[in-house]
Every structure is written in structure tokens, then in C-alpha cells.
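Let us take one close look at a single part of this model, then follow it with a neighbouring topic.

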Amino acid sequence: MAGQPEHVLVVGAGLAGLRTTEQLRSAGYQGRISLVGAEIHAPYDRPPLSKQVLTGDWEPERIVLRSLEALDELGVRTYLGLRAVALRPGEIELSDGASLHSDAIVLATGVVARTLPGQPAAACTLRTLDDALALRTTLEKIGSLLVIGGGFIGAEVASAAVARGVAVTVLEAMDVPSGRALGPVLGALAARLMTEGGVDLHTGVRLTGFLDAGERVAVALEDGRTFEADACVVGIGGTPHVDWLADTGIDLGNGIPCDASGRVHGLDGVWAVGDVACWEDAVYGDRHRHEHWTSAGDQATVVARDILGADPPQPTVPYFWSDQFGLKIQLIGRSDLADDVTALHGEGMTGGPLRGTVAGFFAGDRLMAVAGFGAARFVARYRPLVAAGAERATVLETAAALSNR
Ligand SMILES: Cc1cc2nc3c(=O)[nH]c(=O)nc-3n(C[C@H](O)[C@H](O)[C@H](O)COP(=O)(O)OP(=O)(O)OC[C@H]3O[C@@H](n4cnc5c(N)ncnc54)[C@H](O)[C@@H]3O)c2cc1C
């Protein structure tokens, strides 16, 4: 591709796909842009699906990111309700048999909610607006809910259900909820948050399967126990939406492999962004796939500028939040690279109140990540220190100074 492309084709009309189109226009691109999306809805925001939409506080109109009219005004041609089924050089084949040709293709197909073997129709997952509205209707009618998986989405569903007066049981395979992101120490705080919020939480349990329970849902555990409820949500993470790329010959083991500019390895003129994309980390050199709202937008900016040959933006640090049981949990940085967790603020790690607790994740002497429970004003102050991989002494000095204010 010499110079700027004539036509940018974005596959996946979620947050990352939408932001890519917006960033192309704000960087001055005047060529054609097409946006293909499997869902019939205009691009919408997913975080409220397990929060305000589920509690009934927000109606779906409120989560629209950009209406079809506004996309039209932006000069983005939409193909919604259509799935891309094959990728060939410079070409995407759609589920209706048509093909679209383009000299720059951006893959933004997100993830699909993972399900369990033998999962009955009465057990649902939560990824889309349609899923959220169906679950909301269910929550209005039931007295008890089984949540399988205590990660962030499972915990938010549990929180919304408890707020609606539903008795909630959470079954989690790991020893603590959200253990992959928070690690064992802070995961134990997430467990406290859940139980203090009224959830019947069982960790370290292994499911053997679903039982026949008529209109209800029942599961059996390896330890012989069974649990039954009026309804069930399976929240065990997502699988990258890559099945349609099987013929491209690229390694799709953990999403779409990309360099630090989002260029897909082995496919010229193709970029990937958002939950589906496994980017090289410009700082640490490994490959990482973030299922984070802010990463989708940050990557879209990088890709749009790379497509247009503009200078890359300043690097950003990964950030994730989760709202559950009246607290905001926040995580800045790469906790997966740390070997030690040190308390910075609050008393949650010594059995005191969770609110106001902040911890630093260190690899040796360097700060890799910071997490907080109901401590937004502190957490934000550590962003530059995480970005710089600050030394422990500097971090502890900052913590002392902030605590004394
Ligand atoms: C319930 C829920 C709550 C969340 N809460 C938080 C939160 O609190 N904080 C946070 O940081 N992150 C949160 N996230 C994660 C955040 O929403 C995602 O990181 C973000 O939506 C990723 O955007 P994306 O565009 O990569 O993927 P998506 O938003 O999933 O968009 C991908 C789109 O591509 C479409 N698609 C898939 N395959 C094809 C195909 N072959 N052809 C055409 N279209 C296709 C899909 O239908 C989908 O519409 C949450 C996610 C969910 C589901």
C-alpha cells in the first residue's frame, strides 16, 4: 500500500471497530470507510450491560455509542446484521455471499462468551445487549440465581442480582474470584466483597456437569455437592472471535497475533484491535490480549495512525475497572508480571474495611501495576509511576505523601 488507503474496511462494529473509524476521521482521513457488524444494533457500550442495564437503571438507548445517522454523518458506510465469513488478500466475504474489497482491513471482532459442555438452554451467558435484556427479564421473575464463574462479569451479575433481592450463589473454580487479574492476595479481598455483599460464594470447586432439574437449573460438583437455583449465568470468560479466520494460516491460539502497531503477523494490509487482538507489548516485549474497555480505544488510535502513516501516539498503560457491591475495583498496569503485592493505602489487606484499599504489584523492585478497591482518587495518582516502572522506594514515598494529605 503506497500512501493512504482508498478504502478502510473494519470488521466488527463494537467499541474497538467504532473507535477505529472515529480515529481515522479525526486524524484527517477522507477516503472510504466501511464498518461490518454481526449484530443488528448500532455500536453500543458493553460495560453497562452487567451494571446499569441489568439493575434496570438504564434503558438500552443510553448505551448507544454512535447512532446510525451519526455514523452516516461521519462518512462511515455500515453493513450491520452481516458476519464476515472469510478473509482473503484485500477482500472480506460476508455471510450474505457478497464480497467487500479494501486496501486496509481492520479486524475488531471481539470475543464470544465461553460456555460449558452440556450447558442447558436455561443457563445463559452475558456478552451482548440481547443477552443483558433477556437476563434482566429473568431477574425480575426469579428468587435464586446460580452464577458459575466469579470473575468480574460473574461478580457484577451477582451484585446486580443481589440488588434486585435475588439470592445468589457463586461457584468459582479458582481459590479466589478474579484471581487471574488480581492474584491470590487481592482476589481474597474480592471474595470478601462478594460475601459481605450477601453472596453465597464457593471457591476452589470443580463442576462435573448439569443435572436435570426441570424448569430450574442444577449442577453437580466433583466433591459430591449439588446446587440448584431458578436460573443460572455462566461467566467463565470469552474466546476470541476468530473461527472465520481459520483458512488464513495464522496462529490463532490466543486471538490474532499483532505487532505493537496492531499489524497482523503474516497478513499484509491487515490490522487487529480490541479484545480479539493479541498485541506485542511495546514495553515488555511479550504478547498480551487485553479484554479492557480502554485498551480497545487506545489500540484504535494506534492503528488508525499507523494506517495513515502518522506518528504513533504516546504509549498508554492498560487499565480495567469493575463496579460491584457498591465499590469500584480498578487495576492499572500488568499485574500478571508481578511477584509481590504490597499494601499502599487502607486496611483491607489486614482485615479492615475494603474501601480505600490500594496495593502495588511489584516485579523485584519495579512497580508493574496498582489496584484499588473504592479508592479512585488514589489509584489515578499511580498511573505515571506504573508507566515508568517506578522503584519500590519511590512508590512507598508517594504512598506516604498521599496518605498524609
Ligand atoms: C458485560 C460486560 C461488562 C464489561 N465491563 C467492563 C468494565 O467494567 N471495564 C472494562 O474495562 N471492560 C469491561 N468490559 C470489556 C469491554 O466491554 C471490552 O473490552 C470491549 O467491549 C471490547 O471491544 P471490542 O470492540 O474489541 O469487542 P466487542 O465490543 O465484543 O465488539 C465486537 C463486535 O464484533 C462483532 N463480530 C464478531 N464476529 C464478527 C464477524 N465475523 N463479522 C462481523 N462482526 C463480527 C460482534 O458481534 C461484536 O458486536 C465488559 C464486557 C462485557 C461483555
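Q: Take the sheet that holds β13. How many bridges join β13 to strand β14, and do they run parallel or antiparallel? Please add the second largest pocket.

A: This is a predicted model, where local features need pLDDT of at least 70, side-chain atom pairs count only at pLDDT 80 or more, and totals for chains, interfaces and linings use all residues. Residues are numbered from 1 along each chain as its sequence is written, and side-chain values use heavy atoms, without hydrogens or water.

4 bridges join β13 to β14 (residues 217-221), and the two run antiparallel. Strands are DSSP runs of E, at least two residues; helices are runs of H or I, at least four. Pairing takes at least two DSSP bridges. L211 has A218 of β14 as its bridge partner. The sheet is open, with 3 strands in the order β13-β14-β15 and antiparallel pairing. β13 (207-211) and β15 (226-229) are its edge strands, each pairing on one side only. From one strand to the next, the twist averages 20° (axes fitted to C-alpha atoms, N-to-C directions, 0 to 180 degrees).

Now the second largest pocket. Domain 1 (7-111 + 238-308) and domain 3 (326-403) both supply lining residues, so the pocket lies between them. The domain bounds come from an automatic or database assignment. A pocket is an open set of points on a 1 Å grid, for a 1.4 Å probe, with protein on both sides within 12 Å along at least five of seven lines; lining residues have an atom within 4 Å of a point. Helix α7 gives the largest share of this lining, 5 residues.
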